[in-house]
Amino acid sequence: MIRVYVCPKCEAIKVGSRRKKVVCYYCDETPMLITELEFLEYSEMLPEERQEYAREWMKKYREKKKSVKEKEHADEEQKG
Ligand SMILES: [Zn+2]
């Protein structure tokens, strides 16, 4: 299954298979984050629209991350 991924470092956007780990080639193979964007939708977008989506998505992601920071921290501690 093809999914759309965003790089948390440079906000690059690209598609990849869900089965494989998708990394960013622009910034030293940073693991990319999976988005909810449908591949069909992505394929119909212009390059500028894709970049705009990636930027907006990262903005929301950072806000979400900030609000669950404490919970995340606890999860990390559990993992060791
Ligand atoms: Zn990157």
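This is a short dialogue on reading the fold of a predicted model.

Q: Where should I begin, and which pattern does the protein follow when it is read along the sequence?
A: A plain place to begin is the inventory of elements and their order. The protein in this predicted model has three helices and five strands, and along the sequence they follow the pattern β-β-β-β-β-α-α-α. The C-alpha trace spans about 40 × 25 × 25 Å along its principal axes.

Q: What order do the strands of the open sheet have?
A: A sheet is read by asking which strand pairs with which, and in what sense. Here an open sheet of three strands has the order β2-β1-β5, and its pairing is antiparallel. The edge strands are β2, residues 13–17, and β5, residues 33–34, each of which pairs on one side only.

Q: How many bridges join β1 and β2, and which residues are partners?
A: Pairing can be followed residue by residue through the bridges. Strand β1, residues 2–6, pairs with β2 in the antiparallel sense over five bridges; among the partners, Val4 is matched with Val15 in β2, and Tyr5 is matched with Lys14 in β2. The hairpin formed by β1 and β2 has six residues between the strands, and in this hairpin Glu11 takes a positive phi near 60°.

Q: Which helix lies across the strands of this sheet, and at what angle to β2 does it run?
A: For a helix on a sheet, one looks at the strands it lies across and at the angle between the axes. Helix α2, residues 47–67, lies across β1, β2 and β5, and runs at about 85° to β2.

Q: Is Tyr61 in helix α2 buried or partly exposed, and why?
A: The reasoning rests on a count of neighbours, where 20 or more other C-beta atoms within 10 Å make a residue buried and 12 or fewer make it exposed. Tyr61, which lies in helix α2, has 14 C-beta neighbours inside 10 Å and therefore counts as partly exposed. Tyr61 is also 53 residues from Pro8 in sequence, while their C-alpha atoms are 9.0 Å apart in space.

Q: What percentage of the residues count as buried, and what percentage of the contacts join residues at least 24 apart?
A: Totals of this kind describe the protein as a whole. Of its 80 residues, 11% count as buried, and among contacts between residues at least 6 apart in sequence, 44% join residues at least 24 apart.

Definitions and conventions
Residues numbered from 1 in each chain as written. Predicted model: local features only at pLDDT ≥ 70, side-chain atom pairs only at ≥ 80, totals over all residues. Pairing = 2+ DSSP bridges. Helix = DSSP H or I, 4+ residues; strand = E, 2+ residues; numbered from the N terminus. Contact = placed C-beta atoms within 7 Å. Axes fitted to C-alpha atoms, helices over the stretch in contact; angles between N-to-C directions.
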